[in-house]
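Please review the sequence and structure shown below. The briefing that follows covers nonpolar packing and salt bridges.

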Amino acid sequence: MASSVVNLTVNGREQEFLARPAESLLTSLRDRLGLMAAKRGCAQGSCGTCTVLVDGRPVMSCLVAVETIEAAEVRTLEGVADGERLDEVQQAFLDGFATQCGFCTAGMIMTAEALLAENPDPTEDEVVEAISGNVCRCTGYRAIIAAILDAARRRLDAAAERLDAAGRTLDAGGRTLDATGRRR
Amino acid sequence: MITALRMPESPEAAAEAAARGGRVMAGGTVVMGQVNTGPFDAAELISLRRAGLSGVRVGEGVARVGAMTTFAELAGQLGFLTTAIRTLASPTIRNLATVGGNLFVPQPYGDFAVCLLALDATVEFAGGRETPMSAWQKRPGEIVTAVRFAIPDEGTWFYHKAMRRKLNSAAIVTVAAVVTHDDARIALGGVAPEPIRSPAAEAAVRGRPLTREVLDAAGEAALADIAPFDDAYASAWYRRRVLPVHLRRAFQGESASQGEPASQEGRASQGEPASRGGRASQGQPASRGGRASRGDGAHQGDQRDEEG
């Protein structure tokens, strides 16, 4: 059983590593690259705590054979904060007590990131549908849904403020934002 | 123990690899779970990801959907299927799960296969062979390359899935149907080891107005065609008990009054079947489909709490 070389861009950094045949992206992230945010929950796609973004789309990393996504761009929770500064979704989860045991949180946040990137101003129903593949076994859904809606509001407000102040859309780091407040 | 994962670059190469005994994997949402939790019954895994089988082509009223097209890709391309696609697992699974793979998942999963049966789809295989869904006897090692079906006329497509939750749950009963003024194809999921057509229900509605009486008779007739099973979602007894109700709801929605024909307008207001034109014109993927189409799934977050 020959391992093979896999190349991925993970959180903006190029990574090259060996993977066993049919090794899951989750195993590669945790055991090869030391990225422990995505959790190993059910290992069959039922719980969603291993959710990461592959080429921008949220998927359950336990269901992806890593060899099949050679050269893909992967984003995990480790790639969300800007240094020590949490992003809006993380901050909203913290402020809204949207974690209980915390085991689902990494997957919830990555699913929320994908939702807000595609739909910056979702309805509650749209949030519920987006996270319908992510199980919170503490059943803390109300706070999670509220935090995601709060994060959307924070991003929209921040984008509006920056527009007012400078007449153009830059974030604090000077990066250009699109109309929805996302970094380009 | 898996010793190799192969990624053939054509369906023919995939068929050759499968003939040597490898296990075929499409989106991986079922197979990878088995790989992860073992034991796994094959030494080689054959991923179809590079076999060139994704994409949707629509022309002259016929849709051809490549086997490796994901449900996220399919959503929004064929508006009449939006409601059905939104009942399949979760958006994160739909980013991986494929149309071809759905044909091979065990009941009570595989709701899209129920749709394809109602659509009288043709299944295409590597090597050029094809067969109608209704006559398909699965053979080991065959590679599905695409499914093909006529897009039903507006107002003739019906779909309803009864679940334990409003989102992301397997079928208790799934009903998909194409009913025109003189023909009827009614397919059922969740009530037999494989998705089935119900000839008895079809005979009961064929050429008749879709009134409460006709639909109730069709629901009772369908019981002759089913072989339901017990699982964690529902008992065989329960599935049999509720099938007639859900068969009627596929056509009339939950609030239709007794004896009233399923008028075009009535259907549209249920937010469920048949509003092909309206949805297609939104041109949006299902995950952000118009809020108007939410009538069928006014789901609450805490609804999920009842799962445990």
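The points below are grouped by topic.

This is a predicted model, in which local features need pLDDT of at least 70 and side-chain atom pairs count only at pLDDT 80 or more, while totals for chains, interfaces and linings use all residues. Residues are numbered from 1 along each chain as its sequence is written, chains are lettered from A in the order in which they are written, and side-chain values use heavy atoms, with hydrogens and water left out.

**Nonpolar cores**
- The largest nonpolar core (buried Ala, Val, Leu, Ile, Met, Phe, Trp, Tyr and Cys residues joined through side-chain atoms within 4.5 Å) has 75 residues, and A:Leu8, A:Leu25, B:Phe149 and B:Trp157 have the most contacts inside it.
- Helix H7 (residues 111-118) of chain B gives this core its largest share, seven residues; a helix here is a DSSP run of H or I with at least four residues, numbered from the N terminus.
- Another core, of 31 residues, lies apart from it and includes A:Leu53 and A:Tyr141.

**Salt bridges**
- Over all chains, 26 salt bridges are found (a side-chain nitrogen of Lys or Arg within 4 Å of a carboxyl oxygen of Asp or Glu).
- A:Asp95 pairs with A:Arg154, with the closest N and O atoms 2.9 Å apart; the two residues lie in helices H2 and H5 of chain A, 59 residues apart.
- B:Arg248 and B:Asp216 form a salt bridge at 3.2 Å between the closest N and O atoms.
- B:Arg248 is buried at 10% relative accessibility (buried is under 20% relative accessible area, exposed over 50%, partly exposed in between, with a 1.4 Å probe and protein chains only), whereas B:Asp216 is partly exposed at 30%.
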